Amino acid sequence: MNILLKSAKIIAPNSEFHQQTKDIFIENGIISKIEDSITSSEDTKVIDLKNLHVSEGWFDSSVSIGEPGYEERETIENGLKTAALSGFTGIAVNPNANPIADTNADIGFLKAKALGKATALYPIGALTIKSESVDLAELFDMKNAGAVAFGDYQQPISNPNLLKIALQYAQNFDGLVLSFPQENKIAGKGIVNEEANGTKLGLKGIPALAEELQIARDLFILEYTGGKIHIPTISTEKSVSLIKEAKDKGLDVSCSVAIHNLILTDDALEEFDTNYKLLPPLRTKKDTEALIKGLKDGTIDFVTSDHNPLDVEQKNVEFDHAMYGSIGLESAFGALHKILDLEKTVEVLTNGKSRFGIPTETIKVGSNANLSLFNPEEAYVFSTKNIISSTKNSAFLGEELKGKSYGIIANGQVEIL
């Protein structure tokens, strides 16, 4: 298939065409021409969209898909379609389906189901068997089957010696270990941020200490063992400073933040809307400001939507009994671009690739076309009509966003709204 992008403004600091408006011609998945004007032929699909911008393909490091086991939440097919139309050419999929992906066969199943799709699926293997934090899973076998990292989704590693062994073992094959930042004995039965809002509403709190204590522990272990660790979805001011100190020491640590934790605070809890029941919980304005600052100065490496589709049976219940999670792929770009300039928005949406060992395709002649297409100026209120996911549990419903994805060109395919 031949594809011609007309008048596309290129946002790619690593490209010689950065900030230039060009026509881009793609032949059989390869960028063959980038010129001021290119004439199309009859066998060419022409894409000419309002205020079209393109960048290197976006990557999301934390996406949940129900299949296998919870197809009523989301199938792999629709999950990849959602990602593509939201602008993501690659997603790392969490091991929280049923069965949990803790063997090479499980990783192989995910890879096989995603073959031939525009958006690439990169499985994260469970760090421990059944994510029970007791015994290490088959890390090396899963790595050979295609796993890009190892972690138990939203399940902290309770045994510090287990983390120590995992970090030591994973060094043998350059494995990336993920450690969810929560000390469960401190969190207790808490379900929201431990602050004035939660207390006022009569909801048990998760103190910031639960996150910070776990991060401090993990960083001490990392300093002892070596290896590399990624701390997903941090949420507090102190967490940012702990990771900054560790990076200043030269430790091989990275971290991410969920987009909803950058923008929303626990003020949203007033209506007991279970779409705001998230883990880590929404924190305070002081925390969001520190997270945004950490993102801008590079302490926080990249962002994630932490996309987690849940059906009404998990969300349309009393707040105490609802499951944690929000979908986020569809709102990711528009929410981020509200608080960051365009270049920074694109940067934090693409930075995660290198940490997960995923190659980046520069926008130049001869490169594989791996492109996100978007309009950064379109302002709108996010509603259910913007949702492509099978479920509607979004924390951004009713929020004003800035910027919309048109879709992607990747893997020799076009997925456009």
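This is a short talk on the cavities, pockets and a few backbone details of one protein model.

Hi everyone, and thanks for having me. Please keep in mind that the model is predicted. I'll start with the enclosed spaces, go on to the open ones, and finish with some single residues.

So, how many cavities of 30 Å³ or more does the count give? The count comes to three. The largest cavity holds about 160 Å³ of space. Its lining is made of 18 residues, and if you want to find the centre on your screen, look for S62, N94, Y153, L178 and P232, which lie nearest to it. What classes of residue make up that lining? There are 10 polar residues, six nonpolar ones and two charged ones.

The second largest cavity has a volume of about 50 Å³. Here I can give you the whole lining: S64, I65, G66, Y70, R73, N96, A97, N308 and P309. By class, that is four nonpolar, four polar and one charged.

Now for the pockets, which are open. The largest pocket has about 460 Å³ of space. It is lined by 24 residues, and N96, Y153, Q154, Q155 and M323 are the closest to its centre. Two of those names may ring a bell. Y153 was also among the residues nearest the centre of the largest cavity, and N96 was in the lining of the second largest cavity. The pocket lining has 12 nonpolar, 10 polar and two charged residues.

The second largest pocket comes in at about 390 Å³. Of its 22 lining residues, T89, A120, Y122, N370 and N411 are the closest to the centre. Which elements give two or more residues to this lining? They are β7, residues 88–93, and β8, residues 120–125. β8 gives the most, with three residues. By class, the lining has 10 nonpolar, eight polar and four charged residues.

Let's move to the backbone. Most residues other than glycine have a negative phi, and most peptide bonds are trans. Here are some cases that go the other way. The bond from E67 to P68 is cis, with omega near 0 degrees. You'll find P68 in the loop between β6, residues 58–63, and α1. Another cis bond joins L279 and P280, and P280 is in the loop between α9 and α10.

Then there is phi. K130 and Q154 are not glycine, yet phi is near 55 degrees in K130 and near 55 degrees in Q154. K130 is in the loop between β8 and α3, while Q154 is in the loop between β9 and α4. Is each of them buried or exposed? K130 has a relative accessible area of 55%, so it counts as exposed, the cut-off being over 50%. Q154 has 14%, which is under 20%, so Q154 counts as buried.

Two last stops. I76 lies in helix α1, residues 76–85, and is buried because its relative accessibility is 1%, under the 20% limit. I76 and V93 are 17 residues apart in sequence, and their C-alpha atoms are 9.8 Å apart in space.

Finally, on the surface, F140, I165 and Y169 form a nonpolar patch with about 250 Å² of accessible area together. I165 sits in helix α4, residues 160–170. With a relative accessible area of 36%, I165 falls between the two cut-offs of 20% and 50%, so it is partly exposed.

That's my tour. Thanks for listening!

Key
Residues are numbered from 1 along each chain as its sequence is written. This is a predicted model: local features need pLDDT of at least 70, side-chain atom pairs count only at pLDDT 80 or more; totals for chains, interfaces and linings use all residues. Side-chain values use heavy atoms; hydrogens and water are left out. On a 1 Å grid over the protein atoms alone, a cavity is a set of points where a 1.4 Å probe fits but cannot get out, and a pocket is an open set with protein on both sides within 12 Å along at least five of seven lines; lining residues have an atom within 4 Å of a point. Grid points are joined across faces, edges and corners, and a volume is the space filled by probe spheres set on the points. Ala, Val, Leu, Ile, Met, Phe, Trp, Tyr, Cys and Pro count as nonpolar, Asp, Glu, Lys and Arg as charged, and the others, Gly among them, as polar. Patches are made of residues with over 30% relative accessible area and no salt bridge: like charges are joined within 9 Å, nonpolar side chains (Val, Leu, Ile, Met, Phe, Trp, Tyr) within 5 Å. Accessible areas come from the Shrake-Rupley method with a 1.4 Å probe; for residues, only the protein chains shown count as cover. A salt bridge is a side-chain nitrogen of Lys or Arg within 4 Å of a carboxyl oxygen of Asp or Glu. Helices (H or I, at least four residues) and strands (E, at least two) are DSSP runs, numbered from the N terminus. Buried means under 20% relative accessible area, exposed over 50%, partly exposed in between (1.4 Å probe, protein chains only).
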